[in-house]
Amino acid sequence: MSVIWQIRNKDRSKLSKDIFKLLDSAGACDWLGLKEAPILLKPNLVVSKPASGGATTHPEIVAAVIEYLKEKGYYRISITEGSWVGDSTVKAYKACGYTTLSKHYGVKLIDLQKDDFTEIETQGEKLKICRTVAELRQNGGSLINLPVLKGHGQTKLTCALKNLKGCIPDSEKRRYHSLGIHMPVALLNTVIKPAFTLVDGLNGDPYWEEGGSPEKRDLVLLGRDSVSIDSYACSLLDIDQAAVKYIAMAESFGVGSSSVSKEDITAPDTGGGQKQTAVKTQSRNETEASTVKDWINQIVDQRSACSACFGNLAGALRRVKAANPEAADRFSRGSICIGQDFRGTDLPEGKTGIGICTKGAPVFINGCPPSEPAIMDFLNRVHQQ
């Protein structure tokens with residue numbers, strides 16, 4: 001029995017047709033609730049950047065899902081998202097093309113940053129879940145998870161399991177990082193259970209969750225088991241699955257199985273049964289992106305840093321290095337500190353703090369989070385030779 005279905009789409013004019021074929025091949029409508037029940041579509045709009053940069057879900061994919069659902073008789077469709085702390089969901093909806101999409105198809109856009117929340121206990125831990133999502137199942141509704149296949153500066157991978165983090169309030173997002181992001185992400189998936197997940201693997205950035213180094217793969221994946229999807233995603237991005245700790249944790253909680261063989265993959269566009277791995281050609285830009293990521297991980301001491309704060313820092317450092325490659329010599333190993341674990345800590349000379357949590361550093365930039373341009377200007381001032 002198939003666990004994951006996938007298509008390769010090289011002709012974007014046929015994307016909708018290919019997604020219809022993918023959904024029909026899997027019998028995706030059998031996974032949904034009653035036709036009169038609400039359906040929430042959860043893309044990844046973590047930042048206000050178009051999908052071409054590799055960070056966000058293509059609106060064309062969401063449009064195809066809407067068209068498919070309406071053709072099958074499902075009309076109570078809404079799009080829901082809560083962008084990362086420091087960015088605006090409304091701004092992301094507009095920048096990513098979802099405001100236009102909403103008007104065209106007559107679907108509602110829900111901003112979870114403005115939503116109320118409820119607490120749900122699981123595995124002895126209380127989690128805050130946005131009320132719109134928490135009450136969906138009791139209303140007989142379904143959530144369709146629409147993540148991007150991409151890397152992450154802190155957790156290595158963000159795909160099916162981690163995309164649900166957009167369904168919690170901003171205060172909870174900060175708390176997840178103070179707890180260690182992996183365990184709460186795994187726990188979250190015991191509470192929020194999508195009807196199915198459709199992964200945008202067209203051109204996700206394999207290095208950074210906020211994009212900038214997109215890699216063309218032309219893939220769309222479909223499945224019900226988020227653990228299996230993320231396990232397969234690791235193989236596509238050449239990520240050591242053991243490093244993405246929330247996969248094994250979610251599996252231990254019964255969310256799904258991380259065991260995926262080639263027999264579990266069906267490719268309707270080629271007759272099925274054959275595992276299609278993305279063609280790996282290490283371009284110069286990809287090699288440079290990997291090198292820069294290694295450099296950032298060496299010079300930054302991150303301890304329970306929120307995604308937005310670390311993402312803005314990583315973006316600023318990439319811009320600093322791009323503007324002046326010799327700037328790498330200005331920063332010593334572990335000299336830049338970021339994260340909630342530095343609260344109330346006096347840091348020694350030679351340490352540079354990023355964000356309000358590091359105000360005990362000799363020099364630091366305020367903010368929660370400070371913006372990428374502000375961090376770049378700050379670093380250039382502080383580390384001038």
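About 440 Å³ of space lies in the largest pocket of this structure. A pocket here is an open set of points on a 1 Å grid over the protein atoms alone, with protein on both sides within 12 Å along at least five of seven lines. Points are joined across faces, edges and corners, and the volume is the space filled by probe spheres set on them. Keep in mind that this is a predicted model, where local features need pLDDT of at least 70 and side-chain atom pairs count only at pLDDT 80 or more, while totals for chains, interfaces and linings use all residues. Residues are numbered from 1 along each chain as its sequence is written, and side-chain values use heavy atoms, leaving out hydrogens and water.

Who lines the pocket? There are 23 lining residues, and Arg137, Val191, Ile192, Lys193 and Pro194 sit closest to the pocket's centre; to count as lining, a residue needs an atom within 4 Å of a point. Two or more residues come from each of α5 (131-134), β7 (142-146) and α8 (182-191), and α8 gives the most, with three. These elements are DSSP runs numbered from the N terminus: helices are H or I with at least four residues, strands are E with at least two.

Now for the enclosed space. A search of the whole structure turns up one cavity of 30 Å³ or more, a cavity being a set of points where a 1.4 Å probe fits but cannot get out. Its volume is about 240 Å³. Of its 21 lining residues, Val46, Trp84, Lys162, Lys165 and Gly166 are closest to the centre. At least two lining residues come from each of β8 (150-152), α6 (160-163), α7 (170-179) and α12 (307-323), with α7 giving the most, three.

Here are the two linings by class (Ala, Val, Leu, Ile, Met, Phe, Trp, Tyr, Cys and Pro are nonpolar; Asp, Glu, Lys and Arg are charged; the others, Gly among them, are polar):

| Lining | Nonpolar | Polar | Charged |
|---|---|---|---|
| Largest pocket | 13 residues | six residues | four residues |
| Largest cavity | five residues | eight residues | eight residues |

Finally, a helix pair. The axes of α2 (residues 59-71) and α4 (residues 98-105) come within 10 Å and cross at roughly 20°; axes are lines fitted to C-alpha atoms over the stretch in contact, with angles from 0 to 180 degrees between N-to-C directions. That makes α2 roughly parallel to α4, a label for angles under 35 degrees. Contact (heavy atoms within 4.5 Å) involves Pro59, Val62, Ala63, Ile66, Glu67 and Lys70 of α2 and Tyr98, Leu101 and Tyr105 of α4. Seven of these residues are nonpolar, none polar and two charged.

Technical notes: Parallel < 35°, antiparallel > 145°, perpendicular 65-115°, else oblique.
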